[in-house]
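Biologist: Could you pick one part of this model and take me through it closely, linking it to whatever else helps? I'd like one connected account rather than a list.

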Amino acid sequence: MRSARVLVVDDDRLIRTVISERLTSEGLEVIAADCLEAARAALKDFTPDVALLDIRLPDGVGTDLLQELVAEGQTSCIIMTAHATVELAVEALRMGAWDFLEKPFSRGRLEATLRSTLERTALQREVRAWREMGGLKGKIIAGSPAMKEVLDLVEQIAPADHATVLIEGETGTGKGVIARSIHELSPRAAGPFVTVTCSALAESIMESELFGHEKGAFTDARTMKLGLVEIADGGTLFLDEIGELSPPLQGKLLRFIEEKTFRRVGGTRDLTVDARVVAATNRELEEAVEAGEFRADLYYRLRVVDLRLPPLRDRPGDISRMVTTFIDEFNRELGRSVQGVDDGAMERLRRHPWPGNVRELRNLVERCVLLARGDLLTVADLPVGLRGGAETAGSTAQLNLPPDGLDLEALERSLVEQALLRAEGNRTEAGALLGLSRHQIRNRLAKYGLDA
């Protein structure tokens, strides 16, 4: 899977260099430009996931390029400027910018903003891929009865655009895609769809991200900041991983849902926003309520409508259509010409338990298309862990030594590959899945040539 791509456009050489080196050290692919002409030249051969655009450039304004990138629909944009005003921020957001950074900004602020923007870009691409699959108005594959029931409910509840919705399901089942579908089928479709990942930031920062802050509210609050709740006015606020929200913020969110009012951090007056709330979680919130970790009143307020997405292992009949769609997508993106999957490989894909669900399947197909040896994907193109006749469907406690023994290094390599796949290339998360420290996972990546 290729690394995320970032375009940095700023006429200040020091800022370009610092941002580029910082992001490159995090494993991102970065191209920098000092003006609009250089940026447009770079875009001929480089399609970024995110563009960081300065407002004032030698040959124009960054919002000109913002409009072009928004129109193409492939890149999410973040505006950077030292000439910040509330009016400029609002205008850039209305034109389609995802966020607004006032210089000088901290490394933490840059990384948090970039992380949320990359998540949004990935979600948009997932939605585009699923639109080709059939099902809900041409968007989602739904061969299984459980998934068909979910999509029937989506079509019923989407028009009721003030009803809150709770989407439950394992990681990778498509909760973000369902949330986006609810928005697009509702009267709010022309309004913003704003995603908040509730586990991404510390409580103090998350409150400011959600509700904004007034100038002088804390040490670094040099200007007033709009919160994501306010930006979602007229549209949908999607609260992903809602189960990770801290108890104090749960109370403030409850008030907003019930009264449609909130206060910015450091503010003294109530503000009113009309945004539909859709939440998602991979936790069992009912158990969290019983354990005192999640407010019961917020839980019941969120689940006016409760959608539970089935895991991919419960819908094996959908796998072949998904694989075909993903192959077509990655053929276009990677310049490949894979025609399909042979029977042996497809049988192994159907038998695999898919702990990472649709996301894991999509990542695996991307890897296979990239490394394919021929026109058809065969068993030999699959990761080592999927080539054998028996699948490891759970914990290592269920693994029995075959009569003829096994290659321990090949097994370890397979597990490392699977962990990387499920963690979408994040080495720290991959190590955590295997119970390894950062040092240990780095050693194994180097040992098996997986650290490129």
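Modeller: Sure. One cut-off before anything else: a residue is called buried when its relative accessible area is under 20%. Trp-354 has a relative accessible area of 0%, so Trp-354 is buried. Keep in mind that this is a predicted model. Trp-354 belongs to the loop between α14 and α15, and its phi is near 50°, a positive value in a residue other than glycine. As a rule, most residues other than glycine have a negative phi.

A quick look at the whole chain, then I'll zoom in. There are 19 helices and 16 strands, and 47% of the 452 residues count as buried. Among contacts with a separation of 6 or more, 70% are between residues 24 or more positions apart.

The part I'd go for is the region around α10, and the aromatic rings are a good way in. Counting rings whose centres lie within 6.5 Å as a pair, the model has four aromatic pairs. One of them is Phe-193 with Phe-238: the ring centres are 6.0 Å apart and the planes meet at 20°, so this pair is stacked. Phe-193 sits in strand β9 (residues 193-197) and Phe-238 in strand β10 (residues 236-240), so the two rings tie together parts that are 45 residues apart in sequence. Phe-193 and Phe-238 are both buried.

Stay on β9 for a moment, since Val-196 is in that strand too. Val-196 has a relative accessible area of 3% and is buried. Beyond residues up to four places away in sequence, Val-196 touches Met-206, Leu-210, Leu-228, Leu-237, Phe-238, Leu-239 and Asp-240. Phe-238, from the stacked pair, is among those contacts. There's a long-range link as well: Val-196 and Ala-279 are 83 residues apart in sequence, yet their C-alpha atoms are 9.5 Å apart.

Now α10 itself. Helix α10 covers residues 247-259, which makes 13 residues, and its first and last C-alpha atoms are 19 Å apart, close to the 18 Å expected at 1.5 Å a residue. Its buried residues are Leu-249, Gln-250, Leu-253, Leu-254, Phe-256 and Ile-257. They span an arc of only 165° around the axis, which puts them on the same side of α10. What covers those buried residues? Part of the cover comes from α8 (203-211), α9 (228-231), β10, β11 (261-262), β13 (276-281) and α12 (296-302). Strand β10 is thus part of that cover, and it also holds Phe-238.

Phe-256 has company of its own kind: together with Phe-211 and Phe-262, it forms one aromatic cluster. There is also a charge at this spot, as the charged end of Lys-260 sits over the ring of Phe-256, 5.7 Å from the ring centre. Lys-260 is in the loop between α10 and β11, just after the helix, and takes a positive phi of about 60°. So Lys-260 is worth two looks, once for its backbone and once for its side chain.

For comparison, go back to the helix before the Trp-354 loop. Helix α14 (residues 343-351) has Ala-345, Met-346, Arg-348 and Leu-349 as its buried residues. Seen down the axis, they fall within an arc of 160°, so they line one face of α14. Their cover includes α13 (319-334), β15 (340-341), α15 (357-371), β16 (376-377) and α16 (384-387). At the start of α14, a side-chain oxygen of Asp-342 comes to within 3.3 Å of the backbone nitrogen of Gly-344.

Helix α17 (residues 408-422) has an aspartate in a similar spot: Asp-407 caps the N-terminal end, with a side-chain oxygen 3.1 Å from the backbone nitrogen of Glu-409. Helix α17 reaches 21 Å over its 15 residues, close to the expected 21 Å. Buried in α17 are Ser-414, Val-416, Glu-417, Ala-419, Leu-420 and Leu-421. Just after α17, Glu-424 takes a positive phi of about 55°, while just after α10 the positive phi belongs to Lys-260.

Methods
Residues are numbered from 1 along each chain as its sequence is written. This is a predicted model: local features need pLDDT of at least 70, side-chain atom pairs count only at pLDDT 80 or more; totals for chains, interfaces and linings use all residues. Side-chain values use heavy atoms; hydrogens and water are left out. Rings of Phe, Tyr and Trp (its six-membered ring) pair if their centres lie within 6.5 Å; planes under 30 degrees apart count as stacked, over 60 as edge-to-face and the rest as tilted. Helices (H or I, at least four residues) and strands (E, at least two) are DSSP runs, numbered from the N terminus. Buried means under 20% relative accessible area, exposed over 50%, partly exposed in between (1.4 Å probe, protein chains only). A charge sits over a ring if NZ of Lys or CZ of Arg is within 6 Å of the ring centre and within 35 degrees of the ring normal. The expected span of a helix is 1.5 Å times one less than its number of residues. The arc is that of the directions from the helix axis to the C-beta atoms. Contact means heavy atoms within 4.5 Å. A polar contact is a pair of N or O atoms within 3.5 Å; within protein, one must be able to donate a hydrogen and the other to accept it, and residues adjacent in sequence count only if both atoms are side-chain atoms.
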